Amino acid sequence: MLTRLVLTVITVAVSYLMFKWLFKLIEKSVEKQGKELQMRNTIRFFLGLIIAVIAIMVILDIWDLNLVPMLTGVGIGGLIVGLALQEPLSNFFSGIFLLISRAVKEGDAVEIGGISGTVEVVNLNHTVIRTWDGKKVMIPNKSVWNDKIIHFWPLNVRRQEITVGVPYSANLRKVVEIFQKALEDEETVEKDPAPAIVFDAFNSSSIDFIIKFWVTRENFFEGVKRLAFRIKDYLEKEGIYIPFPQLDVHFDEEFLRTWEHEGTEDKS
């Protein structure tokens, strides 16, 4: 009995050390190739699962436990258990399909079933999403596999837009030149793909343009802010100010005279 307990403890300890060693070996092998280990949490999870299964098999052998008679004697209970495990097994195989197809990977910015955030890990039964406001959401892998998956960053760049209104008195050719210079001077704006300046509309108080440009993931918000500041500064240096809604009210002179006359009579 004591010998079996000691062997069990040794098996658990060796399994844990083996897990740590193998994971570091995988990391170093990837680093030697000049790459970064992808799906770190997922690889750690499945590596630990494989080693745990092997350890359990060794421990069962140490204690001379044979599960075959137990499994064959389950009978109708096995059917019930099988039905109960139908959903978890479906999630498990969906998770395998997700990993093989690389439909979602750790670090991906995605939207799945209306939930958007960063993929933290793909587990056996769930894909863990960390939402933009810090929530942790566990989505069953079956739902992930069957649902629409939107990748926010399939490439390293994404397009942003700024709508800018200029007064009707402005020289539009000059305005476009200012926009182009601002795009060229702003370092966070990618030059390939090339930005675009698109006419939008003649609005009630302004002539509007949409400036479409590309930024990298790390500059997605900062690039918009910096370009907006630059455009405003460049326009104002040329004496062009972004207009705000204005309302011109015109009174008929005859109506004013009549109104003033009636007001005088009422006072008297």
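So, which helix holds both lysine 181 and aspartate 185, and how many residues apart are they? Both lie in helix α7, which covers residues 172–185, and they are 4 residues apart, about one turn of the helix. Their side chains meet in a salt bridge, 3.1 Å from N to O. Lysine 181 counts as partly exposed, at 45% relative accessibility, and aspartate 185 is partly exposed too, with a relative accessible area of 29%.

Before I go on, keep in mind that what you're looking at is a predicted model.

Okay, more on salt bridges. A search of the whole structure turns up 11 of them. Let me take you to glutamate 186, whose side chain meets that of arginine 226 in a salt bridge at 3.2 Å, N to O. This pair links distant parts of the chain: glutamate 186 is in the loop between α7 and β7 (196–202), arginine 226 is in helix α8, and their positions lie 40 residues apart in the numbering. Is glutamate 186 buried or exposed? At 1% relative accessibility, glutamate 186 counts as buried, because the cut-off for buried is under 20%. Its partner, arginine 226, is partly exposed, with a relative accessible area of 32%.

Next up, glutamate 161. Glutamate 161 forms a salt bridge with lysine 212, and their closest N and O atoms are 3.9 Å apart. Here again distant parts of the chain are linked, with glutamate 161 in strand β6 and lysine 212 in strand β8, 51 residues apart. Glutamate 161 is partly exposed at 39% relative accessible area, and lysine 212 is partly exposed at 22%. Add Arg159, and you have a network of salt bridges linking Arg159, Glu161 and Lys212.

Now for the rings. How many aromatic pairs does the structure hold? There are 9. One of them is tryptophan 153 with phenylalanine 220, an edge-to-face pair with 5.4 Å from centre to centre and 80 degrees between the planes. Tryptophan 153 sits in the loop between β5 (149–151) and β6 (157–166), while phenylalanine 220 sits in the loop between β8 (207–216) and α8 (222–237), so to speak of this pair is to speak of distant parts of the chain, 67 residues apart. Both tryptophan 153 and phenylalanine 220 are buried. Tryptophan 153 has another partner as well: the charged end of arginine 158 sits over its ring, 5.3 Å from the centre.

Then there's phenylalanine 199 with phenylalanine 202. Why is this pair called tilted? The ring centres are 5.0 Å apart and the planes are at 55 degrees, so the pair falls in the tilted class. Phenylalanine 199 is partly exposed at 41% relative accessible area, whereas phenylalanine 202 is exposed at 58%. These two also belong to an aromatic cluster, together with Tyr168, Phe179 and Phe209.

Two last stops. On the surface, Met1, Leu2, Leu5, Val6, Leu7, Ile10 and Val14 make a nonpolar patch of about 680 Å². Leucine 5, one of that group, lies in helix α1, residues 2–32, and counts as partly exposed at 40% relative accessibility.

And finally, glutamate 120, which lies in strand β2, residues 115–122. Glutamate 120 is partly exposed, at 25% relative accessible area. Leaving aside neighbours within four places in sequence, glutamate 120 is in contact with Asn41, Glu106, Val128, Arg130 and Lys136. Glutamate 120 and arginine 40 are 80 residues apart in sequence, but 9.4 Å apart in space, C-alpha to C-alpha.

Methods:
Residues numbered from 1 in each chain as written. Predicted model: local features only at pLDDT ≥ 70, side-chain atom pairs only at ≥ 80, totals over all residues. Heavy atoms only, no water. Phe/Tyr/Trp six-rings, centres within 6.5 Å; stacked < 30°, edge-to-face > 60°. Helix = DSSP H or I, 4+ residues; strand = E, 2+ residues; numbered from the N terminus. Buried < 20%, exposed > 50% of the residue type's maximum accessible area, 1.4 Å probe, protein only. Lys NZ or Arg CZ within 6 Å of the ring centre and 35° of its normal. Patch = residues over 30% accessible without salt bridge, like charges linked within 9 Å, V, L, I, M, F, W, Y side chains within 5 Å. Areas by Shrake-Rupley, 256 points an atom, 1.4 Å probe, with all protein chains shown as cover. Salt bridge = Lys/Arg side-chain N within 4 Å of Asp/Glu carboxyl O. Contact = heavy atoms within 4.5 Å.
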